[in-house]
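Here are some short exercises for working through a protein model step by step. Have a try at each task before you read its solution.

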Amino acid sequence: MKILALESSCDDTGAAIIEDGRRVLANKVASQVQIHTPFGGVLPEAAAREHLLAVNAVVQAALDEAGLSLADMDAFAATIGPGLIGSLLIASSTAKALSLLTAKPFLGINHLYGHVASAYLESDLEPPFLCLLVSGGHTQLIHVKSFSDMQILGETLDDAVGEAYDKTARLLGLPFPGGPVLDKLAAQGDATRFELPIAKTQSPWDFSFSGLKTAVNRQWSGLLQAHPDWNPALDTDNNDSPFAQARADMAASFQRVAVKTLLDKTLACAKAHGLQQVSICGGVAANSALRQAFWGCEAVSATIPAFRFCTDNAAMIGASAFFNPITQDLGQDVFSRVLVRA
Ligand code: KG4
Ligand code: ZN
């Protein structure tokens, strides 16, 4: 079964063709990073317009890459939420139009189920397993009991870990998009220089990252005040300056605590639920330290998708559409948030 899937929930326009939920025949993404960089974050109005400008070309590029035509498709899928409403409308309206045009089914997909399903791409992973879903909007531990039965065991009580990465990066004066930039910088720093807290939560499987972000803020502002001789504007390009070294050390210290929090909770949760298989999904699964930490641990067998399937992409939407379509209703509206805890 070949599914042409579309994704436009935030600032990436994706189109992919997936066969039987696992084989990636094409995977194209048009990034909007350059549009949003001057704003230091995603500008929803601009994102929706850019999706509209890009979507037809991205669909065509996916068909070309696979050497297939619309007539070869068995169904059309798109993310219907959660995400930015204006953005979501572009992929979902396009997939609905293609479905009407070809008289093939339209499959509406939950973006988070899409991230979970990214672990099935080019792998033979099968439930049951524990999924650590770490993105810009979510941090969740999900017990994936079957392809369609998933239970959220814990989630963040405040900031998502990707959000904490992005906010910490901004605080340190790093450019957008903060997460990957901070990840790179951390590799040059001393992760033990700054003492940062690991939050305790009432439920053992929940997370909290706002205290970590606040601790970085307090210590970093204190350091800048104590060093009026530092000139962030000039020292940014000078890797040998005390400012640049302190910034790399802070990035490394932040990353050490963030990764340790995610690793420790996931391992404890997997053990408590008798699960030996673990998957790490979502944009933050692209983080180098997180990947190393899970690959290096013997307690579980970790499936971490390739980089291109971690950050937002349409391939994961095609995988989810095959294993777990949440709606086949052309009248299905898009939604911005999931309001209830499953
Ligand atoms: O899954 P995703 O592409 O979009 C959402 O659904 O949110 O995740 C985006 C998040 C952003 O917060 C971004 O900074 C973070 O993933 N991210 C990273 C890395 N690459 C992307 N965070 C840490 N290290 C990375 N290498
Ligand atoms: Zn995402």
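The exercises below concern a predicted model, and each task is followed by a worked solution.

**Exercise 1. Overall build**

Work out whether the radius of gyration of the chain agrees or disagrees with that of a compact globule, and describe the fold in outline.

Solution.
- Step 1: Start with the chain length. For 342 residues, a compact globule would be expected to have a radius of gyration near 20 Å.
- Step 2: Compare that with the model. The chain has 21 Å, so the two agree.
- Step 3: Add the outer dimensions. Along the principal axes, the C-alpha atoms fill a box of roughly 65 × 45 × 35 Å.
- Step 4: List the secondary structure, which comes to 12 helices and 10 strands.
- Step 5: Look at burial and contacts. Of the 342 residues, 52% count as buried. Among contacts between residues at least 6 apart in sequence, 72% join residues at least 24 apart.

**Exercise 2. The zinc site**

Find the protein donors of the zinc ion (ligand 2), and say which parts of the chain His115 and Asp312 tie together.

Solution.
- Step 1: Collect the donor atoms. They are NE2 of His111, NE2 of His115 and OD of Asp312, lying 2.0 to 2.1 Å from the zinc ion.
- Step 2: Write the spacing of these donor residues in sequence, which is H-x3-H-x196-D.
- Step 3: Place two of them in the fold. His115 lies in helix H4, while Asp312 sits in the loop between helix H11 (307–310) and H12, so this pair ties together parts that are 197 residues apart in sequence.
- Step 4: Check their accessibility against the 20% limit for buried residues. His115 has a relative accessible area of 1% and is buried. Asp312, at 18%, is buried too.

**Exercise 3. The largest cavity**

Determine how many cavities of 30 Å³ or more there are, and characterise the lining of the largest cavity.

Solution.
- Step 1: Count. There is one cavity of 30 Å³ or more.
- Step 2: Give its volume. The largest cavity holds about 40 Å³ of space.
- Step 3: Name the lining. It is made up of Tyr113, Val116, Ala117, Tyr120, Phe147, Met150, Ser320, Phe323 and Asn324.
- Step 4: Assign elements. Helix H4 (111–117) and helix H12 (315–323) each supply at least two lining residues, and H4 gives the most, with three.
- Step 5: Sort by character. Seven lining residues are nonpolar, two are polar and none is charged.

**Exercise 4. The second largest pocket**

Identify which helix gives the most residues to the lining of the second largest pocket, and sort that lining by residue character.

Solution.
- Step 1: Give the volume, about 200 Å³.
- Step 2: Go through the lining, which includes Asp183, Gln255, Arg256, Lys260, Ser288 and Gln292.
- Step 3: Find the elements that give two or more residues. These are helix H6 (178–186), helix H9 (242–272) and helix H10 (288–295).
- Step 4: Pick the main contributor. H9 gives the most, with five residues.
- Step 5: Sort by character. The lining divides into six nonpolar, three polar and three charged residues.

**Exercise 5. Two residues and their surroundings**

Decide whether His143 and Ser210 are buried, partly exposed or exposed, and list their contacts.

Solution.
- Step 1: Take His143, which lies in strand S7 (residues 139–144). Its relative accessible area is 13%, and it is buried.
- Step 2: Leave out residues up to four places away in sequence. His143 then touches Phe129, Leu130, Asp149, Met150, Gln151, Leu153 and Leu275.
- Step 3: Turn to Ser210 in helix H7 (residues 210–226). At 23% relative accessibility, Ser210 counts as partly exposed.
- Step 4: Leave out neighbours within four places again. Ser210 is in contact with Asp158 and Asp159.

**Exercise 6. Backbone details**

Locate two cis peptide bonds and two residues other than glycine with positive phi.

Solution.
- Step 1: Check omega. The bond from Gly81 to Pro82 is cis, with omega near -5 degrees. Another cis bond joins Phe176 and Pro177, with omega about -5 degrees.
- Step 2: Place the prolines. Pro82 is in the loop between strand S4 (75–81) and helix H3 (85–102), and Pro177 is in the loop between helix H5 (161–171) and H6.
- Step 3: Check phi. Ala103 has a value near 60 degrees, and Glu122 has one near 50 degrees.
- Step 4: Place these two residues. Ala103 is in the loop between H3 and strand S5 (106–110), whereas Glu122 is in the loop between H4 and strand S6 (129–134).
- Step 5: Add accessibility for Ala103, which is exposed at 69%.

Note on methods: Residues are numbered from 1 along each chain as its sequence is written. Chains are lettered from A and ligands numbered from 1 in the order in which they are written. This is a predicted model: local features need pLDDT of at least 70, side-chain atom pairs count only at pLDDT 80 or more; totals for chains, interfaces and linings use all residues. Side-chain values use heavy atoms; hydrogens and water are left out. On a 1 Å grid over the protein atoms alone, a cavity is a set of points where a 1.4 Å probe fits but cannot get out, and a pocket is an open set with protein on both sides within 12 Å along at least five of seven lines; lining residues have an atom within 4 Å of a point. Grid points are joined across faces, edges and corners, and a volume is the space filled by probe spheres set on the points. Helices (H or I, at least four residues) and strands (E, at least two) are DSSP runs, numbered from the N terminus. Ala, Val, Leu, Ile, Met, Phe, Trp, Tyr, Cys and Pro count as nonpolar, Asp, Glu, Lys and Arg as charged, and the others, Gly among them, as polar. Donors are N, O and S atoms within 2.8 Å of the metal (3.2 Å for Na, K and Ca); water is not among the atoms, so sites may look incomplete. Buried means under 20% relative accessible area, exposed over 50%, partly exposed in between (1.4 Å probe, protein chains only). The radius of gyration is taken over C-alpha atoms; the globule rule is 2.2 Å times the number of residues to the power 0.38. Contact means heavy atoms within 4.5 Å.
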